[in-house]
Amino acid sequence: MTSSSDAVSGTDAGRLDPVDEIVVVGTGFVGLPLALLLAERGKRVVGVDIDENLVDAINDGTLNLDERRLQALLDSEQVNENLIARTTPTDGDAFVISVPTPLAEKTKSPELAHVRGAVESILPYLESGDLINVESTIPPLTCEQVVVPLLEDAGFAVGEDVQLAHSPERILPGNVFDEIVHNDRVIGGVDDASRRRAAMIYEPFLEGEIYYTDLLSAELCKLLENTYRDINIAIANEFALIGDALDVNMKDVIDLANHHPRVDILTPGIGVGGHCLPVDPWFLNEATPEYADLITTARRINERMPEVTAKKVRRAVADLSDPRILALGATYKPDTYDLRNSAAITVVEDLTADGYDVVHYDRYAEEVTYDDLPSLIERESPDVVLQLVPHGESVAELDELRPSLEAEGIRVLQFGTGNPVDPEPGS
């Protein structure tokens, strides 16, 4: 691990107290991998979660993780010795807040109840000299306007009695181990000592660089990263809709445009999912709505794509009487297991609400998994096989099966392999 030059002027922080006992509040997609890596590197770690079943599964070793390398960590002797899960916090040198910040469904406003609750839960265990490091993705000024007042109301002078830092995660489901180890870290702090001491949490395993900054800049950095990507996908989706109106396969045109040395248009799709892109841009809108016109427009374009997709499916099966549809792919992107904010699920919900008979499966999603596609098709007897998420293995299987399926009168519709908004056979 190497450190870059500071984004703010740093001074010699002097000797910092060690960080040997770490309490990770929230052991989900982000918190659990961090807890596992720290425990594997010899830190004494307490993982805190309100889900009693998850706590029990971590402690008795029965938790099944979707990534082989994370599972190996969970099963290792070192982790078993150093990690314990609880439903309530305990004492520690550092407290990492790793809980979600969801959106209110109607207003798109961030709900900070989880962050507040996590901070409040550690207050009885905080002592002078402790560090609080927020990993949760949060709206701008959350540390200053929410976390700091909670600490001060409990009698702690932030920056004097306790240290406060914010280090937003950068991980991708399906590749969590590599990303948490190799991705660079941005760490903001209320002061230089807070920043430097928060870095000590990650130093045992981090191979990326660390960039130091202030709390607000760290909050904004994560939001800008994901908003930038969301906007890029939105312009690709809008191009696809323009191509559809002009009867042109815009994917081919995008491929041609990307031969320009300074153009890199992303791939259009049925929508944008996951835990970051559909959520984080709204945090910026909440903070400064008068300056978020492009951000919110892009978000609404991407939110519209599942509706466009469902409409295309309805048109493609309009000549069939009460078709039974086998939908393949429920995750938010190909070749991952994450179902959060999945556009494919929204498409299936829309079709089902319209009265279509839809059964939904995904080879990577435990809740709706299947072992063998030919056996699944035989069991479900569909009139239509609808590929919503182009998992590599599923695409290959479906391409091989297509001639026999069509010979049996089963219609095959595929998104993600041809024209992005045209699922017609042969697209």
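Partly exposed, as used in these legends, means a relative accessible area between the buried limit of under 20% and the exposed limit of over 50%. By that yardstick, Cys-221 is partly exposed at 23% relative accessibility. The views below come from a predicted model, so please read each distance and percentage as computed from that model.

**View 1. Cysteines without disulfides.** Let us start with the cysteines. The structure holds 0 disulfides. A disulfide is a covalent bond between the sulfur atoms of two cysteines. For Cys-143, the closest cysteine sulfur belongs to Cys-221 and lies 14 Å away, which is too far for a bond. Cys-143 is buried, with a relative accessibility of 0%. Cys-221 takes part in no disulfide either, and its nearest cysteine sulfur, that of Cys-276, is 12 Å away. Unlike the buried Cys-143, Cys-221 counts as partly exposed.

**View 2. A salt bridge between two loops, Lys-43 and Asp-20.** Side chains of opposite charge can pair when their charged atoms come close. Here the closest N and O atoms of Lys-43 and Asp-20 are 3.4 Å apart, and the two residues form a salt bridge. The pair links distant parts of the chain, 23 residues apart. Lys-43 sits in the loop between helix H1 (31-40) and strand S3 (44-48), while Asp-20 belongs to the loop between strand S1 (2-3) and strand S2 (21-25). Are the two partners buried or partly exposed? Lys-43 is buried at 15% relative accessibility, whereas Asp-20 is partly exposed at 32%.

**View 3. A salt bridge within helix H10, Lys-251 and Asp-255.** This view stays inside one helix. Lys-251 and Asp-255 form a salt bridge whose closest N and O atoms are 3.6 Å apart. Both residues belong to helix H10 (residues 250-257), and because they are 4 residues apart there, about one helical turn separates them. Lys-251 is partly exposed, with a relative accessible area of 28%. Asp-255 is partly exposed too, at 36%.

**View 4. A strand and a helix tied together by Arg-324 and Glu-380.** The closest N and O atoms in this salt bridge are 2.4 Å apart. Arg-324 lies in strand S10 (residues 324-328) and Glu-380 in helix H14 (residues 373-380), so the pair ties together parts that are 56 residues apart in sequence. Glu-380 is buried, at 11% relative accessibility.

**View 5. A network of salt bridges.** Four residues appear together here: Lys-108, Asp-230, Arg-299 and Glu-303 are linked in a network of salt bridges. For the wider picture, the structure holds 23 salt bridges.

**View 6. A negative patch on the surface.** Asp-51, Glu-52, Asp-56 and Asp-60 form a negative surface patch. One of them, Asp-56, is found in helix H2 (residues 52-60). Asp-56 counts as partly exposed, at 44% relative accessibility.

**View 7. Leu-38 and Val-79.** The last view turns to a leucine. Leu-38 is found in helix H1 and is buried, with a relative accessible area of 0%. How many residues along the chain lie between the positions of Leu-38 and Val-79, and what separates their C-alpha atoms? Leu-38 and Val-79 are 41 residues apart along the chain, and their C-alpha atoms are separated by 8.4 Å.

Note on methods
Residues are numbered from 1 along each chain as its sequence is written. This is a predicted model: local features need pLDDT of at least 70, side-chain atom pairs count only at pLDDT 80 or more; totals for chains, interfaces and linings use all residues. Side-chain values use heavy atoms; hydrogens and water are left out. A salt bridge is a side-chain nitrogen of Lys or Arg within 4 Å of a carboxyl oxygen of Asp or Glu. Buried means under 20% relative accessible area, exposed over 50%, partly exposed in between (1.4 Å probe, protein chains only). Patches are made of residues with over 30% relative accessible area and no salt bridge: like charges are joined within 9 Å, nonpolar side chains (Val, Leu, Ile, Met, Phe, Trp, Tyr) within 5 Å. Accessible areas come from the Shrake-Rupley method with a 1.4 Å probe; for residues, only the protein chains shown count as cover. Lys and Arg count as positive and Asp and Glu as negative; His and the chain ends are not counted. The place of a charge is taken as NZ of Lys, CZ of Arg, CG of Asp or CD of Glu. A disulfide is a pair of cysteine sulfur atoms within 2.5 Å.
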